[in-house]
Amino acid sequence: MGLRVHRDQPVIRILGTLLGIGFVLMGAFAIVGANDYATFASRDRAVGFGVTAIVVGIIAVLCSLLV
């Protein structure tokens, strides 16, 4: 029993995929823009948020296509 890409409910699956891509882009933007902060704590929070957003985005894309 392997994972397969489901093709039913295309609108929900496309919107879930777009939401996941949006989270990944927002996370990447947070990581790239983290160098603009002056303090280490602010940089650390921005990178932490970026990594978390990327992980959530990848999970959202996988769930929208595989569940």
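1. Contact here means heavy atoms within 4.5 Å. On that basis, and leaving aside neighbours within four places in sequence, T17 is in contact with V61, S64 and L65. T17 has its place in helix α1. T17 is buried because its relative accessible area is 18%, and buried means under 20%. The model is a predicted one.

2. Overall fold. The protein chain has 2 helices and 0 strands. Helix α1 covers residues 10–32. Helix α2 covers residues 40–66. The C-alpha trace spans about 50 × 25 × 10 Å along its principal axes. The radius of gyration is 15 Å, whereas a compact globule of 67 residues would have one near 11 Å.

3. Burial and surface. Of the 67 residues, 19% count as buried. The protein chain exposes about 5100 Å². Carbon and sulfur atoms supply 74% of that area.

4. Contact order. Take the contacts with a separation of 6 or more: residues 24 or more positions apart account for 67% of them. The individual contacts of T17, S64 and A30 are in points 1, 7 and 8.

5. Helix α1. This helix has 23 residues. From first C-alpha to last it reaches 33 Å, close to the 33 Å expected at 1.5 Å a residue. Its buried residues are R13, G16, T17, G20, G27 and A30. What covers them includes α2. An α-helix has 3.6 residues a turn, so residues three or four places apart point the same way.

6. Helix α2. Its 27 residues should span 39 Å at 1.5 Å a residue, and the end C-alpha atoms are 39 Å apart, so the two values agree. A46, G50, A53, G57, V61 and S64 are buried in this helix. The cover over these residues includes α1. The cover is thus listed in both directions: α2 for the buried residues of α1, and α1 for those of α2.

7. S64. This residue is found in helix α2. S64 counts as buried because its relative accessibility is 12%, against a limit of under 20%. Not counting residues up to four places away in sequence, S64 touches R13, G16 and T17. R13, G16 and T17 are themselves among the buried residues of α1. S64 and G20 are 44 residues apart in sequence, yet 8.6 Å apart in space, C-alpha to C-alpha.

8. A30. This residue lies in helix α1. Is A30 buried or exposed? A30 is buried, as its relative accessible area is 15%. Leaving aside neighbours within four places in sequence, A30 is in contact with A46, F49 and G50. A46 and G50 are among the buried residues of α2. A30 and L15 are 15 residues apart along the chain, and their C-alpha atoms are separated by 22 Å.

9. Salt bridge. How many salt bridges does the count come to? The count comes to 1 salt bridge. The side chains of D8 and R13 meet in it, at 3.1 Å from N to O. Side chains of opposite charge can pair when their charged atoms come close. The partners are in unlike settings: R13 is buried, with a relative accessible area of 10%, whereas D8 counts as partly exposed at 43%. R13 is also touched by S64.

10. Nonpolar surface patch. Which residues form the nonpolar patch on the surface? They are V11, I14, L15, L18, I21 and L25. Together they have about 590 Å² of accessible area. I21 is found in helix α1. I21 counts as partly exposed because its relative accessibility is 39%, and partly exposed lies between 20% and 50%.

11. Backbone check. Q9 has its place in the segment before α1. Phi of Q9 is near 50°. That is a positive value in a residue other than glycine.

Key: Residues are numbered from 1 along each chain as its sequence is written. This is a predicted model: local features need pLDDT of at least 70, side-chain atom pairs count only at pLDDT 80 or more; totals for chains, interfaces and linings use all residues. Side-chain values use heavy atoms; hydrogens and water are left out. Patches are made of residues with over 30% relative accessible area and no salt bridge: like charges are joined within 9 Å, nonpolar side chains (Val, Leu, Ile, Met, Phe, Trp, Tyr) within 5 Å. Accessible areas come from the Shrake-Rupley method with a 1.4 Å probe; for residues, only the protein chains shown count as cover. A salt bridge is a side-chain nitrogen of Lys or Arg within 4 Å of a carboxyl oxygen of Asp or Glu. Helices (H or I, at least four residues) and strands (E, at least two) are DSSP runs, numbered from the N terminus. Buried means under 20% relative accessible area, exposed over 50%, partly exposed in between (1.4 Å probe, protein chains only). The radius of gyration is taken over C-alpha atoms; the globule rule is 2.2 Å times the number of residues to the power 0.38. The expected span of a helix is 1.5 Å times one less than its number of residues.
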